[in-house]
Structure formats: structure tokens, C-alpha cells
Amino acid sequence: MKVGDRVRIKESVIFYHYPLQRNKAFDAKGLEGTIVTVLDDWQGRPISPNFPVVVEFAVEGAKKPFKAHLRTDELEAIV
């Protein structure tokens with residue numbers, strides 16, 4: 001997976017910071033978005049973050065896009 005790829009969340013992932021349901025559990029399974037960043041280095045040094053893929057989701061009715069950090073095994077590419 002690389003920056004710009006369209007992806008879908010394939011497993012049940014619970015968010016508590018979803019813009020339309022703040023502080024309530026939101027199951028994001030099936031949500032589609034675009035990869036914004038893949039974290040693999042910090043200031044030129046390699047790192048191994050637990051949730052390296054930053055995905056941006058367009059949410060209708062929200063002021064700005066919703067971003068979340070996810071693992072690669074939670075995502076599937078949309079062809």
C-alpha cells in the first residue's frame with residue numbers, strides 16, 4: 001500500500017473520535033478512504049509504529065475530513 005491508494009476497512013474497528021458521533025463507539029467496518037501517509041521514518045531514522053497507515057475519510061456533514069491511524073492488516077485495497 002502506498003500514498004494515494006483507495007482502501008476499505010475490512011475488519012471491525014471501533015473509533016471514539018468519529019466526527020458525527022463524538023465520545024460514542026463507532027464501528028468503521030466498510031468505511032472507504034484514501035491513504036495520506038505511511039509512517040516508516042522520523043527525522044531520517046527508521047521507526048516501527050503500531051498503526052503506520054494514516055487514512056483520510058470524507059465525512060458528509062463534518063467540517064473537515066476524518067483521519068485515522070490503522071494497521072495494514074485492517075485494510076484492503078479498492079480496485
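Here is a chat between a trainee and a mentor about the chain shown above.

Trainee: Before we dig in, what kind of model is this?

Mentor: Local features need pLDDT of at least 70 and side-chain atom pairs count only at pLDDT 80 or more, while totals for chains, interfaces and linings use all residues; this is a predicted model. Residues are numbered from 1 along each chain as its sequence is written, and side-chain values use heavy atoms, with hydrogens and water left out.

Trainee: Okay, how many helices and strands does the chain have?

Mentor: Both are DSSP runs numbered from the N terminus, with at least four residues (H or I) for a helix and at least two (E) for a strand. Reading along the sequence gives β-β-β-β-β-β-β-β-β. The count is zero helices and nine strands.

Trainee: Why can we call the chain as compact as a globular protein of that length?

Mentor: We use the radius of gyration over C-alpha atoms, and the globule rule is 2.2 Å times the number of residues to the power 0.38. For 79 residues that rule gives 12 Å, and the chain is as compact as a globular protein of that length because its radius of gyration is close to that, at 13 Å.

Trainee: Which residues of strand S1 are buried?

Mentor: Buried means under 20% relative accessible area, exposed over 50%, and partly exposed in between, with a 1.4 Å probe and protein chains only. Side chains alternate along S1 (residues 6–9), and Arg6 and Arg8 point to the face that is not buried. On the other face, the buried ones are Val7 and Ile9.

Trainee: Which residues are the bridge partners of Val7?

Mentor: Two strands pair if DSSP finds at least two bridges between them. S1 runs antiparallel to S4 (residues 32–38), with three bridges, and antiparallel to S9 (residues 75–77), also with three bridges. In S4 the partner of Val7 is Gly33, and in S9 it is Ala77.

Trainee: Now strand S8: which residue there is the bridge partner of Val55?

Mentor: S7 (residues 53–57) and S8 run antiparallel, joined by five bridges. S8 (residues 66–70) has an uncovered face with Lys67 and His69, and a covered one with Phe66, Ala68 and Leu70. The S8 partner of Val55 sits on that covered face: Ala68.

Trainee: Last one: how far apart are the mean positions of the positive and negative charges?

Mentor: Lys and Arg count as positive, Asp and Glu as negative, and His and the chain ends are not counted. Each charge is placed at NZ of Lys, CZ of Arg, CG of Asp or CD of Glu. With 12 positive and 11 negative charges, the mean positions are apart by 6 Å.
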